[in-house]
Amino acid sequence: MNADYNHSPPRLAARFLRWYCRPELLDEVEGDLYELFQRRVEAKGLRWAQLIYWLNVLMFLHPDYIRKRKQHFQNNPAMLKNYFTVAIRNVLAKKFYSIINILGLAVGIAAFLMITQYVVFERSYDDFHDQQDQIYRVQLDLYLDGELVKKDAENFPGVGPALKAGFPEIVDYTRLYNMGYKNNIVLTYEDAPNGPVQLKQDKLMYADASLFTIFSFEMVKGNPATALENPFSIIISETMAEKYFGDADPMGKTLRLQDDDFNDESCEVTGVFKDIPENSHLTFEVLISYNTLYNRGDWAKERYDLTWDRNDFYTYVLVEDDTSPTSLEAQFPAVVKQYKPGLAEQNRREDLLLQPLESIHLYSDLQNEAETNGNAKVIFSLLIIASFILIIAWINYVNLSTARATDRSREVGVRKALGAFRQQLVRQFLAESLLVNLVAIIIAALLVIVFLPTFNALTGLQFSVADFWSQPWLWIIIAGLFVFGSLLSGLYPAFVLSSFRPAAVLKGKFRNSSHGVILRKTLVVFQFAAAITLVAGTFIVYQQMQYMLNQDLGFSIDQTLVLERPSVRPQDWQEMQNDNEQFKNELLQHSSIEKVAGVHLVPGKKRKWLFLIRQYGTPQEEAQTIRLNGIDYDFIDMFEMNLLAGRNFSKGFTNDQDTSVIITESAVSMLGFDSPEEAVGQTVTIGDGDWHPNIVGVVNDFHQESLKTAIEPMLFILNTVSSEYYVIKVNTQDLEETVAYIEDNWEATFPGNPFSYFFLDDYFNRQYQSEQRFSQLISIFALLALFIGGLGLFGLSAFTTQQRKKEIGVRKVLGASVSGITVLLARDFIKLIGIAIIIALPLTYFALNEWLQSYAFRVAIGPEVLLAAGVGTMLIAVLTVSWQSIKAAVANPVDSLRSE
């Protein structure tokens with residue numbers, strides 16, 4: 001075969017591809033690849049050299065090549081042992097560089113594994129259901145005058161039966177009524193051996209019997225097909241079974257349900273289910289048969305089974321395999337028109353959509369979600385961060401390995417002169433890469449074990465060490481990191497180092513390739529551009545978090561303790577009001593309790609009442625949507641809201657309960673008034689036209705929900721009897737004694753109700769839980785990226801200084817100052833960091849600006865933040881490089897020149 005043919009890259013590439021079909025050509029192709037790569041590198045034909053390099057990478061990953069190498073080493077075990085023996089000696093001989101490589105790789109791999117574990121967990125939501133690909137949640141979108149006003153996870157109870165009856169593609173449906181979230185519910189086991197066991201339940205739902213045929217929640221006692229079939233049947237989680245019944249068998253026992261809607265029912269335990277997995281968007285501890293609701297009166301069957309007027313219910317449908325959800329959705333408008341024919345006359349539209357089960361946790365942010373969902377953008381960002389950290393660690397290895405080419409050149413020259421083949425040298429350097437990556441993975445595993453509790457605290461996960469390492473996919477990733485990392489970080493240095501010509505090396509004429517220097521500089525720029533992006537991202541995320549946590553909400557929530565209203569209470573309204581007044585008056589007797597108020601919806605609560613409102617006498621078409629909240633006389637004063645015009649509700653006006661409302665400032669302009677003063681005294685029409693109250697006051701706008709959403713107009717009505725919460729402003733100096741006083745009065749006024757409370761600021765800020773976790777994670781991993789990048793820069797600067805020590809000695813003898821030598825050694829690296837800053841800052845700005853768009857209220861990305869990230873990173877790099885430079889500059893020049 002002539003030389004031109006052998007060294008023609010296109011023809012060799014074609015032969016390489018044919019080898020995939022004819023493995024017997026491997027030896028010929030392998031030899032030509034090595035020879036051609038060496039010649040192309042020496043001839044600086046890098047365009048073709050890169051092609052040959054990647055062909056080599058593909059060859060190393062091919063099963064036939066692996067099989068051949070395995071057979072070769074089985075036949076020559078001493079050779080394999082020798083490779084690793086020499087590799088161990090080389091690693092130990094250069095402890096400083098080995099420690100830098102191994103530590104950087106270990107930290108990078110550990111960070112990658114932990115972030116990947118979190119990402120995989122977030123993406124695993126609801127994947128334990130056998131039919132997950134066929135399960136959809138029915139979403140309800142409400143439009144008014146063509147404008148989308150509500151996207152709701154809940155819909156009407158009649159939706160499920162109608163869809164199943166109308167579409168053969170829908171195999172079955174199930175409905176859930178989230179009463180634990182909407183009502184205060186107490187369950188009591190009255191026949192407990194040591195007295196009644198009474199627990200408040202906020203994870204209680206009413207569910208159709210089909211729940212367990214659609215979903216794969218696991219039952220441990222009872223028949224899943226029939227457990228929820230009969231009225232007054234109740235099934236509970238294993239945890240609840242232990243709390244109520246201890247070690248006794250719960251089957252057939254009775255639990256009494258009482259709630260603040262005056263329901264009082266005895267339910268028979270017909271099953272026990274395993275605690276719901278953490279990766280479920282639906283979480284409940286108690287389920288009651290749905291048809292129990294039908295026994296609450298003559299009206300109950302219509303309200304809970306067939307109506308299309310009350311959207312308080314989750315509906316899930318199971319569809320036939322291979323059903324197109326888009327085609328199915330396209331037929332839903334006809335169903336809505338059939339059951340709600342008057343929508344068009346009201347300029348309203350209601351759309352039913354199918355939401356895939358697997359997309360709910362990360363991609364859904366609807367009103368009335370069953371649980372707080374995750375954020376796909378956050379997960380994607382964390383995965384990118386993890387990849388950056390790992391790549392930075394691998395870059396360190398490549399940079400240090402190729403930078404030390406001069407040191408290794410004589411070794412290569414001697415080995416080649418003594419008859420070593422290039423393939424053997426490549427294997428030798430790959431053995432070193434395998435060894436370093438193996439040790440790094442072992443250390444990374446130890447780091448994961450040590451820092452797993454901290455990681456759990458940051459992410460809210462509950463992984464034990466055994467749980468963490470029991471995931472099969474994790475071992476696949478580790479194996480992939482080991483193989484891919486060893487090849488990625490080892491192949492290029494191996495080919496470069498093994499390509500040295502022994503004659504040139506042994507004559508002392510070897511010089512580092514300019515292309516190798518350019519590659520190292522490029523990789524350093526990439527490292528620090530990634531690090532700067534993470535640091536700037538940390539600053540912006542932190543600023544946004546502080547902005548949301550410290551922004552004026554339009555009311556005061558500090559030192560505010562909240563109690564939910566009693567579940568067990570008298571049915572007489574006057575008696576209820578007397579109890580409320582007595583409880584409030586008793587609390588105000590305590591010196592540490594400043595104010596007490598009642599409210600139907602506390603700030604941070606996402607359940608909303610949506611009503612139509614318009615000026616009295618205007619046509620229905622001009623109606624706008626408004627949120628409604630019931631408050632008592634003390635609410636506005638309690639939350640320190642500003643009364644912009646008019647008055648507060650007052651006991652001096654006996655008709656406030658029926659004829660007066662207070663609106664927020666944004667509602668003034670929405671209704672067409674020019675000012676708060678003009679709005680006061682005006683009459684409005686609410687709902688379908690039967691309610692015409694007067695506006696008696698206007699208060700400032702406020703954030704009912706987090707700053708992620710825009711402020712919405714709000715309407716307040718007076719409600720002194722059925723407030724769902726008591727809000728109490730307390731002095732926190734002696735909090736324990738104050739809470740004990742509140743509890744004593746609670747038990748005296750509302751006997752039979754478990755006492756529980758929460759603080760409003762904690763409850764409100766819980767809406768930022770996902771952002772807070774992201775802020776903490778990105779901060780930690782940005783520091784890790786800087787640490788790994790700085791570690792590599794430290795090694796490179798140390799090596800560069802070592803290479804130039806004779807030059808430094810000569811300069812000092814000729815009168816160079818310490819500062820001059822320091823600047824000389826550091827400026828090349830500082831230039832690279834400067835280039836990284838120039839590249840990173842605009843990219844960071846656009847990426848972070850896109851992230852901030854999801855917040856209705858957000859900080860501006862000022863130039864000072866980006867400059868602070870760049871300057872901070874530059875200072876770290878300068879300190880890292882300068883330490884080595886100063887150390888070399890102050891050294892005695894005699895020591896460096898003595899060998900000359």
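1. Two strands pair if DSSP finds at least two bridges between them. In this predicted model, strand β9 (residues 254-259) meets that condition with strand β10 (residues 264-273): 5 bridges join the two, and they run antiparallel.

2. Strand β9 also has a partner in strand β4 (residues 185-189); here 4 bridges make the connection, again in an antiparallel arrangement. Gln 258 can be followed from one pairing to the other. It is the bridge partner of Val 186, and Gln 258 also stands opposite Asp 264 in β10.

3. What lies between β9 and β10 in their hairpin? There are 4 residues between the strands, and in this hairpin Phe 262 takes a positive phi near 70 degrees.

4. Helix α23 covers residues 573-587, which is 15 residues. From its first C-alpha to its last it reaches 21 Å, close to the 21 Å expected at 1.5 Å a residue.

5. Which residues of α23 are buried? They are Met 576, Asp 579, Asn 580, Phe 583, Lys 584 and Leu 587. Seen down the axis of α23, these buried residues fall within an arc of 125 degrees, so they line one face of the helix.

6. The structure also contains empty space: it holds 7 cavities of 30 Å³ or more. The second largest has a volume of about 130 Å³. It is lined by 13 residues, of which Gln 704, Glu 705, Ala 710, Ile 711 and Glu 712 are the closest to its centre. By type, the lining of the second largest cavity divides into 5 nonpolar, 4 polar and 4 charged residues.

How values were computed: Residues numbered from 1 in each chain as written. Predicted model: local features only at pLDDT ≥ 70, side-chain atom pairs only at ≥ 80, totals over all residues. Heavy atoms only, no water. 1 Å grid on protein atoms, 1.4 Å probe; cavity = no way out; pocket = protein on both sides within 12 Å on 5 of 7 lines; lining within 4 Å. Points joined across faces, edges and corners; volume = space filled by probe spheres on them. Nonpolar A, V, L, I, M, F, W, Y, C, P; charged D, E, K, R; others polar. Expected span 1.5 Å × (residues − 1). Buried < 20%, exposed > 50% of the residue type's maximum accessible area, 1.4 Å probe, protein only. Arc of directions from axis to C-beta.
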